[in-house]
Amino acid sequence: MQAAAYLRARTLLGSNRDSLIARILGVLEALVAMALLLAAALFVWLLSSRGVVHVTQIGVGDSVQHHQHSDAGLVPLIASNLHARSPVHRVAARVLDRLTYVLPPLRNNVGALATLMVIGLVFILLLSALRQARRGAVARAVTGLTTNLRNQIHRQMYRLGQSSLPTEGVGPVINIWTREVNDVRDALVADFDVFPRMIVLAVGLLALSLLTSPTLTLFLSSLGLLVWITSRVLNRDARQAHDTALRDASVQLCLLHEDLGLLRTVRVYGVETYDRQRFDEHLERFREADARRFLTGGKPSTTTALLYGAAATSALGLLGYNVLVTDQISIATMLILLASLAGLVVPIIEWDRMRKAIRLADRSATEIFEFLERSTELHQNVGAEFLAPVKNQIALENVTLESRSGRTLLDRVSVEIPARSRTALMGMDDDSKLALACLIPRLIDPQSGRVRIDGRDLREMTLESVRAQVATVLQADMVFTDSILVNIGLGDPRNTLQRVIEAAKIAHAHHFIQDLPHGYDTVIGPLGHYLKPDEQLRIALARAFLHDPSIMIVEEPAAPIDDEIRLLLDDTMTRLAADRTMIILPHRLATVMACDHVALLESGRVVEMDAPAKLQADSKLFRHLLYTEFNEYATGEIEAGQVPA
């Protein structure tokens with residue numbers, strides 16, 4: 001089974017002590033399980049013989065005397081095998097005979113019964129302890145590997161630039177970080193479960209059945225293998241039918257979802273009758289496909305059930321014939337043989353499960369290593385210089401940037417943003433605006449062109465000094481799950497509570513923070529106390545102020561904001577803009593009109609840049625954007641017939 005990527009991931013375990021311990025404990029667990037089975041076999045033999053041994057003596061004159069000794073424990077088993085034709089049986093009888101001298105209770109029924117029960121209990125407890133210890137070692141080894149992979153993915157995210165673009169997001173990386181790493185983890189767990197534990201167990205069970213009856217073992221094993229191969233062939237059509245039904249059900253379900261989403265169009269165009277007919281048709285097709293999926297999945301077909309039934313009947317008939325007619329084997333031998341062969345099903349099932357898990361893990365590991373080997377987009381040149389606070393301008397020179405999917409976000413953009421001014425970025429494509437903003441702190445680099453601050457190419461500056469001059473406030477990163485103190489101060493010991501409070505006051509956040517259940521210790525974010533969009537914005541603005549940048553990039557929330565809050569935000573933006581270069585992605589008309597310049601992006605290009613009043617008079621694109629984004633009727637904030645307040 002070729003699984004190069006999975007095997008490469010497994011090599012990261014190296015000489016891990018826990019992985020070695022897990023495999024050793026797996027062998028011990030299999031051996032103890034075999035010992036428990038042997039104890040159970042002795043128990044069955046004891047019950048079947050009832051501890052009775054028959055002794056035949058030939059006396060004087062060829063007289064034959066038969067004696068019966070009861071209450072003999074395991075002695076009957078020893079006596080019947082001491083002169084057996086099989087050398088293995090003779091050796092086993094001698095070993096068991098010596099054991100009865102070490103443990104004399106085995107020579108009487110009650111003692112043998114009690115001893116075997118105690119031995120069985122000890123083996124069960126030992127098996128449980130070994131299993132728990134093995135699973136603990138597996139957990140430590142596997143979680144150590146997955147933690148290593150996740151750390152590498154996290155470090156690679158720092159090196160890559162494109163995943164920093166909020167509109168592209170980190171969704172694909174999160175999928176690698178969670179689901180695909182989990183696939184590797186599950187395959188490793190299955191691997192530890194099979195190798196070598198199940199291998200040793202399978203060999204032991206097969207050996208026990210062969211020692212019990214080689215001929216019957218070979219016949220029944222061959223019969224089982226033949227039935228399994230035949231059932232796989234018979235079920236192939238059923239599996240294909242199930243896959244087809246599943247695919248048809250998925251298609252019809254997608255069409256039903258589409259029908260539900262057409263409600264607005266149906267109402268506008270008055271085609272309710274046709275829509276209902278179309279929906280009923282798709283629903284009926286989905287019902288038929290779903291019924292076929294249910295009938296063809298999970299349960300074996302009638303033919304397969306008949307095949308398995310015939311095989312089981314033949315096996316039991318053969319064993320019964322050997323017990324009742326030919327007297328070749330005893331009932332105890334039959335039960336042990338059945339238990340051994342039936343037990344072989346467990347390693348086979350585990351092996352099949354492991355193969356499926358490894359196939360899935362190999363695909364996932366391939367994705368993981370492709371991501372880890374992806375060349376970084378952000379480089380810091382040797383001898384990079386320190387970037388001082390911006391004094392004159394930020395300039396983009398013939399910048400081109402494409403998304404990872406190949407879509408052009410910026411197409412030969414050239415624009416100059418004056419220092420200590422407020423510049424709004426406006427356009428229909430949010431990705432383009434965010435891409436331009438993310439170029440400035442070098443979260444991403446363009447495929448061509450340059451980004452300069454005061455004439456100095458950012459690629460020739462140290463990343464640390466570039467990002468020391470820039471603070472970002474983006475909707476995707478307003479707050480995270482932690483206390484407000486950490487959200488604003490970012491865990492920097494230099495950001496004391498007093499400094500955080502001062503920053504919160506600048507952002508007009510202090511008063512609502514005080515009203516929270518635990519003040520600055522209140523946990524907020526997705527898993528914490530809910531904050532309204534404007535409150536999240538003010539927390540993020542306080543964080544940006546504490547960073548003390550010379551360039552601030554702010555994306556306003558799109559949610560409607562009360563008039564009283566708008567005044568607070570306007571005052572905050574005015575305070576933060578003092579002696580700073582502010583680049584804004586606006587969602588409020590007041591913010592646009594308060595800017596010194598507006599850069600209009602269309603089809604990935606900056607087509608116009610001027611004062612908002614000048615653009616309002618001369619630019620059709622600017623007026624169109626004002627109408628579509630800020631007109632209260634167009635955005636749906638005010639319905640027709642209402643009078644705006």
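How many of the residues of strand E5 (residues 422-427) are buried? Select residues 422-427 to begin: 6 of the 6 residues are buried, so the strand is largely enclosed by the rest of the structure. Buried here means under 20% relative accessible area, exposed means over 50%, and partly exposed lies in between, with a 1.4 Å probe and protein chains only as cover. Helices (H or I, at least four residues) and strands (E, at least two) are DSSP runs, numbered from the N terminus.

The model on display is predicted: local features need pLDDT of at least 70, side-chain atom pairs count only at pLDDT 80 or more, and totals for chains, interfaces and linings use all residues. Residues are numbered from 1 along each chain as its sequence is written, and side-chain values use heavy atoms, with hydrogens and water left out.

**Strand E5 and its neighbours**

In a regular strand the side chains alternate between the two faces of the sheet. Colour Arg 422, Ala 424 and Met 426 for one side of E5, and Thr 423, Leu 425 and Gly 427 for the other; these residues are all buried, and both faces are covered.

Next, add strand E13 (residues 597-602), which runs parallel to E5 and is joined to it by 5 bridges. Two strands pair if DSSP finds at least two bridges between them. Within E13, Leu 601 is the bridge partner of Gly 427.

Then add strand E12 (residues 581-585), also parallel to E5 and joined to it by 3 bridges. Ala 424 stands opposite Ile 584 of E12, and Thr 423 has Ile 583 as its bridge partner there. In E12, 5 of the 5 residues are buried. Thr 581, Ile 583 and Leu 585 lie on one side, with Met 582 and Ile 584 on the other.

Strand E11 (residues 551-555) should be selected after that: 5 bridges join E11 to E12, and the two run parallel. Here Val 554 stands opposite Ile 584.

**Helix H18**

Move to helix H18 (residues 533-547). At 1.5 Å a residue, its 15 residues should span 21 Å, and its end C-alpha atoms are 21 Å apart, which agrees; the expected span is 1.5 Å times one less than the number of residues. Of the 15 residues in H18, 11 are buried, including Leu 537, Ile 539 and Leu 546. Asp 548 follows H18 and has a positive phi, near 55°.

**Two cysteines**

A search of the whole structure finds 0 disulfides, a disulfide being a pair of cysteine sulfur atoms within 2.5 Å. Select Cys 438 and Cys 595. The sulfur of Cys 595 is 18 Å from the closest cysteine sulfur, in Cys 438, too far for a bond. Cys 438 counts as buried at 2% relative accessibility, and Cys 595 counts as buried at 5%.

**Helices H7 and H4**

Now select Leu 225, Trp 228, Ile 229, Val 233 and Tyr 308, which make a nonpolar surface patch of about 490 Å². Patches are made of residues with over 30% relative accessible area and no salt bridge; like charges are joined within 9 Å, and nonpolar side chains (Val, Leu, Ile, Met, Phe, Trp, Tyr) within 5 Å. A salt bridge is a side-chain nitrogen of Lys or Arg within 4 Å of a carboxyl oxygen of Asp or Glu. Accessible areas come from the Shrake-Rupley method with a 1.4 Å probe. Helix H7 (residues 214-261) gives the largest share of the patch, 4 residues. Val 233 lies in H7 and is partly exposed, with a relative accessible area of 45%.

The last stop is Val 102 in helix H4 (residues 87-102), which counts as exposed at 62% relative accessibility. Its C-alpha atom and that of Thr 591, 489 residues apart along the chain, are separated by 94 Å.
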